[in-house]
Amino acid sequence: MSAIETIHVDGVWRAAASDATREVLDPADATVLANVSEGGVEDVDAAVAAASRAFDGGAGEWPRTQAAERAALLRRVADLLQRDREEIALIESRDTGKTLEEGRVDVDDVTNAFRYFADLVMNESGGRVVDAGSEDVHSVVVYEPVGVCAMITPWNYPLLQASWKIAPALAAGNTFVIKPSEVTPMSTVHLVKLLVEAGLPNGVANIVTGAGVPVGQRLAEHPDVDLFSFTGGVVSGTKAGAAAVSGAKKIALELGGKNPNVVFADACATDEEFDTAVDQALNAAFIHSGQVCSAGARLIVQASVKDRFVAELARRAERIKLGRGTEEGVECGPLVSQQQLDKVEAYVESALKEGARLRCGGSRPKPSDVRPEGGYFYQPTILDQCHRDMKVVREETFGPILTVETFTTEDEAVALANDTEYGLAGAVWSGDTARARRVAARLRHGTVWINDYHPYLPQAEWGGMGKSGIGRELGPAGLDEYRESKHIYENLRPEPVRWFAG
């Protein structure tokens, strides 16, 4: 298979400077999906130089374009995303293993993000007027682009996470270099092609495909990068963030979560409510095979309904249809790689050794139970009788594993939900509105759902507390991440100060 030129620098698609390539595998059958350019330090340096030239006065002078022009380009990109919806969804499904319908939803969410940030910058005024207490002074705070932005995105939602960074960065007037995960680079490559087609000037959007070391490391350390934005694991993210901070860059880190889904008995008072809570718990834990930073991987359920709830949950989990994400009727695809499959198996093994009770799953499916063969499939797994000391409860497993903990009182439920180093997201299920809102207010998580799980809005900030990261994406704060504020103080009637006698 011939290599695809997936490095884009200063308006030109090219191979890696070293001519190195990498095979991208289809996780459904472990066959080669594509052969892409494998960039290195030289490619990063060229991309950053191109982004610097474009920011400091290159063709088109993107940072100095009017907000209306930037917004118009973002809207053109949104239209192109919808034009290519089926093609991109297929790329995302084949590359990540998720179902084709999940890929379509991702494209729609990305489209909404581009349109939201286009509207946001269009509706802004010329700055924030500050009352200086004098009619002789005009004081205003204006917002300007940060500069060259380095972006690193994860393998689970490559297109979505790229859009959460690219759309606000461009809306604010920045230039950028993006490094998608080396495991799932294809949809980001397509997105950059759409940016070019939409008319973005050369050098504004640059992409270097390759591994975290050396590509990601060089981006974090590069002296000409002004902002470093990373979404991924806590270990690699904190290392990269430390390297970026050492260069006095602005940083934004989204580092995952270990998210509680708290179910009170009064959320299951009727058969219909019980069915809804079980269905949502299934969705919270197993969509995209659990490879979601906000997955509801910790079920914390009230003791009085726990046995019935978990039994029904396990019954339904056993019926989840595994297979290639593009096949009709498939509900869960494979894990993204052999490495991730091995990691999930190790978590389940450690949980069973520590006393967890296996309610369903716990192994790879039999070859006769899933097609195609050879993929990185793992059965949806429910582990009962778990406690906070277990590794599987403490750490982000990023796989189809749901742990079950039990509580009796409201205070105990809150204590369990907050007993984590992370703080990205969580949910509360209750038929008592006052209780649900009270518990939601006490949870130390960046997003809290009440009687729902997983929806998000581009106009609402996304990010976490604790080890879930630094900064916010989406919403007005997501735009502010890519801007610097500047105070302009104008004296309309200057006079001598006479501070010194002279």
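How many nonpolar, polar and charged residues does the lining of the largest cavity have by class? The exercises below work through this and related points on a predicted model.

**Exercise 1. Describe the largest cavity and the make-up of its lining.**

Step 1. Begin with the inventory: the structure holds 4 cavities of 30 Å³ or more, and about 100 Å³ of space lies in the largest cavity.

Step 2. Next, identify the residues around this space: 17 residues line the largest cavity, and the closest to its centre are Leu253, Glu254, Ile470, Gly471 and Glu473.

Step 3. Assign the lining to secondary structure, where strand 10 (227-231), strand 11 (250-254) and strand 19 (469-470) each contribute at least two residues.

Step 4. Sort the lining of the largest cavity by class, which gives 5 nonpolar, 7 polar and 5 charged residues.

**Exercise 2. Describe the second largest cavity in terms of its volume and the classes of its lining residues.**

Step 1. The second largest cavity encloses about 80 Å³ of space, and of the 14 residues that line it, Gly290, Val292, Ala295, Ala297 and Phe398 are the closest to its centre.

Step 2. By class, the lining of the second largest cavity divides into 7 nonpolar, 5 polar and 2 charged residues.

**Exercise 3. Determine which element gives the most to the lining of the largest pocket, and which gives the largest share to that of the second largest pocket.**

Step 1. For the largest pocket, the volume is about 1200 Å³; its lining comprises 43 residues, with Trp155, Phe230, Gly232, Gly233 and Ser236 the closest to the centre.

Step 2. Two or more residues of this lining come from each of helix 7 (212-221), strand 10, helix 8 (234-246) and helix 11 (338-353), and helix 8 gives the most, with 6 residues.

Step 3. Classified by residue type, the lining of the largest pocket contains 17 nonpolar, 15 polar and 11 charged residues.

Step 4. Turning to the second largest pocket, which has a volume of about 500 Å³, one finds 21 lining residues, of which Ala67, Arg70, Glu124, Ser125 and Tyr143 lie nearest its centre.

Step 5. Here the largest share of the lining, 4 residues, comes from strand 6, while the classes are 10 nonpolar, 5 polar and 6 charged.

**Exercise 4. Explain why one side of strand 5 and of strand 20 is left without a neighbour in the sheet.**

Step 1. Write down the strand order of this open sheet, which is 5-6-20, with antiparallel pairing among its 3 strands.

Step 2. Strand 5 (128-130) and strand 20 (483-491) are at the edges and have a single partner strand each, so one side of each lacks a neighbour in the sheet.

Step 3. Add the local detail: strand 5 is joined to strand 6 by 3 bridges, and Arg128 stands opposite Val141 in strand 6.

**Exercise 5. Trace the open sheet of 7 strands and locate a helix that packs on it.**

Step 1. The order of this sheet is 14-15-16-13-12-17-18, and its pairing is mixed; the edge strands are strand 14 (357-360) and strand 18 (447-450).

Step 2. From one strand to the next, the twist averages 20°.

Step 3. Helix 13 (residues 410-418) packs on the sheet and touches strand 12 (260-263), strand 13 (298-302) and strand 16 (401-407), its direction making about 145° with that of strand 16.

Step 4. Helix 14 (residues 433-442) lies across strand 17 (425-429) and strand 18, and runs at about 170° to strand 18.

Technical notes
Residues are numbered from 1 along each chain as its sequence is written. This is a predicted model: local features need pLDDT of at least 70, side-chain atom pairs count only at pLDDT 80 or more; totals for chains, interfaces and linings use all residues. Side-chain values use heavy atoms; hydrogens and water are left out. On a 1 Å grid over the protein atoms alone, a cavity is a set of points where a 1.4 Å probe fits but cannot get out, and a pocket is an open set with protein on both sides within 12 Å along at least five of seven lines; lining residues have an atom within 4 Å of a point. Grid points are joined across faces, edges and corners, and a volume is the space filled by probe spheres set on the points. Ala, Val, Leu, Ile, Met, Phe, Trp, Tyr, Cys and Pro count as nonpolar, Asp, Glu, Lys and Arg as charged, and the others, Gly among them, as polar. Two strands pair if DSSP finds at least two bridges between them. Axes are lines fitted to C-alpha atoms, for helices over the stretch in contact, and angles run from 0 to 180 degrees between N-to-C directions. Contact means heavy atoms within 4.5 Å.
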